[in-house]
Amino acid sequence: MIFQKISKQVKGELAFAGSLFLLGVFVAWDTSKMDIPQDNSIISPQTFPYMVSAFVSLVGFALIIHILRGNHGTPEGNSPTDPIEPLNFKTMLIVSTAIVLHVILLEIAGYIVAAIVCFWGIAYGFGSRKPIKDLGISVVFALIVYFAFTQGLNVNLPSGLLRGIFGNGK
Amino acid sequence: MANNLSMLLDGFQTAFTPTNLMFGLLGTFLGTLVGVLPGIGPALAIGLLLPITLTVNPTSALIMFAAVFYGAMYGGSTTSILLNTPGESGSVITALEGNKMAKAGRAGAALATAAIGSFVAGTIATLLLAFGAPAMAELALTIQPAGYLALIILAFATVGTLLGTSRIRGLVALSVGLVLGLIGADLQSGALRLTFGSLNAIDGIETVTVIVAIFALGEVLYLASRHTLVASQVLAINGRAWMSWADFHRSWRPWLRGTAIGFPLGVIPAGGSEVPTFLSYGVEKALSKNKNEFGKGAIEGVAGPEAANNANAAGVLVPMLALGLPTSATAAVVLVAFQSFNIQPGPMLFQTNPEIVWGLIASLFIGNFLLLVLNLPLIRFWVLLLKIPSHYLYAGITTFALLGAYALNNSTFDLKVALAIGLLGFLFRRFGVPITPLIIGVILGPLAELYFKRALQISQGDWHILIAGGFPKFIYAILIMVIMAPFIWKFMKKFVVKK
């Protein structure tokens, strides 16, 4: 069983289970390094984290065994007999880039720009090929959200580059 | 009893002010709007709408929440029926028969029985909630920390092992949630845990960020990872969303039975709405005179599970309000909503914040009623939402989710946490790990530690206190039964499906 050729998906799942085990070890290590400011309580602040770390490692170890015994996970939305498709790296890359750009641009360029980039990028990633129309929709979406939150709900969002035009942001 | 009734009437008085009524109406509308969108279940819907309530006063905000709560569930069932893409586990069964009915041109009847059934179940269950929650709160005042710890461990076990396809994967999700819950300063000593020297991490990570990121970002990343996007077809509604007398006659018993199954299973943490809806489906199938219609669009198979789903959701609010213990993702978000106004649900809630809690319960009635009035006539408008091209939908959900994560504290730190958790959500989906146990772990982990420490402080460090006394023993006995339950459950599932 163990030595038969294992698929990429199973390798990935084993890596996931392995990292879970290591996460438990890491939590234990972090707990052992904990700075305890004058501890006068009966129960040390380390007890519970140690219990959690043991639980995580135990579950991770059990998952490894479980997978090696042939009980592979079923991706969400698949039924157990469906063939498992390889990852679509291209779409994932575009979508995650759009999300990361949003985070980077938010405080540099302001909410509106960041939201336009994110919305447009994700629509493109998911296969939309009407860049101009998408841009229009992104702009409208970003403006509606921005004004609904800053004007309607008094939530502060960075105005960034457009500070001069739209006034009252940060 | 009489006292509760007068408190409830006061609650209606609170809810019926023009401002609060307007927030109720807005909540119903927004809840349905977001709930209808494919792939968004009630928990995410409420999570996404949480920032909207930040600037509103607590009573109005929670009233709006109550409306969003029922609205999102109602919207979800519409999507299951017309699109066959259930947004959450509770609507899976609805999609089973409902979508078949829609394909057979009976979408109107399916939507009507879902809406009216949800209303009936929601109203009865809210009534039970109004009297059950204060009673439970009173009992809860006598529960010692060790008893609370036992209850939390029971919730861990039920949520961790009953959800999803494999028990070990439920525990995986739970364990990761517990780790996320550790992050930040220890409540009693102030010692820092897993903060990596970051000042932002001292307060721990926001539960809303976790919920929004793991549901929205995780889902979008997962969808991006797949080559074939299943483009489901939106089924048309012929005629009005309404049902005939014959349909009504076939529906009313399933509604009541669904309520009777759903509510108690929500109160005792049976791990979300999957079990009650499935049970209700099995019961209706067994009792129906039209057994041959099951699998081809039997109205009983929509009426029962829909009622069970709604009654279950109201039932879950009982331990959430009375004990402060959420046992579903949706209840967890409602708990967070309370906490964002510095109100801690639990046994004292009915005494410390009667106006808010009774206003909330009254609003559940009102929201439920508004939904019935609003949704059947507006159904064509909701159907339009189902026709939004999926790339715009995913773009909108993601951008809005990121806004939700940011707007909570105006901090990019929260956004970075959201990215990491979104990635985790993707891995969970790819490897078939359920999401809800993680959320329960994040929320209840710190509480478990708190009660654990309190119990041992009372006993001066003697661990025997954890199983001393009748109540903890009783709970641990149930725990053992719960651990055995999946075997019985598996057997029943086989039995029902084969039949």
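Of the 170 residues in chain A of this predicted model, 42% count as buried.

**Exercise 1. Profile chain A.** State which secondary structure chain A has, and how its contacts and surface break down.

*Solution.*
- Step 1: Count the elements. Chain A has six helices and zero strands.
- Step 2: Read along the sequence. The pattern is α-α-α-α-α-α.
- Step 3: Take the contacts with a separation of 6 or more. Residues 24 or more positions apart make up 51% of them.
- Step 4: Turn to the surface. About 9,200 Å² is accessible in chain A, and carbon and sulfur atoms hold 68% of that area.

**Exercise 2. Classify two residues of α6(B).** Decide whether B:T113 and B:I124 are buried, partly exposed or exposed.

*Solution.*
- Step 1: Place them. B:T113 lies in helix α6 of chain B, and so does B:I124.
- Step 2: Apply the cut-off to B:T113. Its relative accessibility is 0%, so B:T113 is buried, the limit being under 20%.
- Step 3: Repeat for B:I124. Its value is 32%, so B:I124 is partly exposed.
- Step 4: List the surroundings of B:T113. Beyond four places in sequence, its contacts include B:M243, B:S251, B:W255 and B:I299. With B:S251 there is a side-chain to side-chain polar contact at 2.8 Å.

**Exercise 3. Trace the nonpolar patch.** Find which helices of chain B supply at least two residues each.

*Solution.*
- Step 1: Name the members. They are B:I124, B:L128, B:W245, B:F248, B:W252 and B:L256, with about 590 Å² of accessible area together.
- Step 2: Assign helices. α6 (107–140) and α10 (245–267) meet the condition.
- Step 3: Find the largest share. α10(B) gives four residues.

Note on methods:
Residues numbered from 1 in each chain as written. Chains lettered and ligands numbered in written order. Predicted model: local features only at pLDDT ≥ 70, side-chain atom pairs only at ≥ 80, totals over all residues. Heavy atoms only, no water. Patch = residues over 30% accessible without salt bridge, like charges linked within 9 Å, V, L, I, M, F, W, Y side chains within 5 Å. Areas by Shrake-Rupley, 256 points an atom, 1.4 Å probe, with all protein chains shown as cover. Salt bridge = Lys/Arg side-chain N within 4 Å of Asp/Glu carboxyl O. Buried < 20%, exposed > 50% of the residue type's maximum accessible area, 1.4 Å probe, protein only. Polar contact = N/O pair within 3.5 Å; in protein donor to acceptor, adjacent residues only side chain to side chain. Contact = heavy atoms within 4.5 Å.
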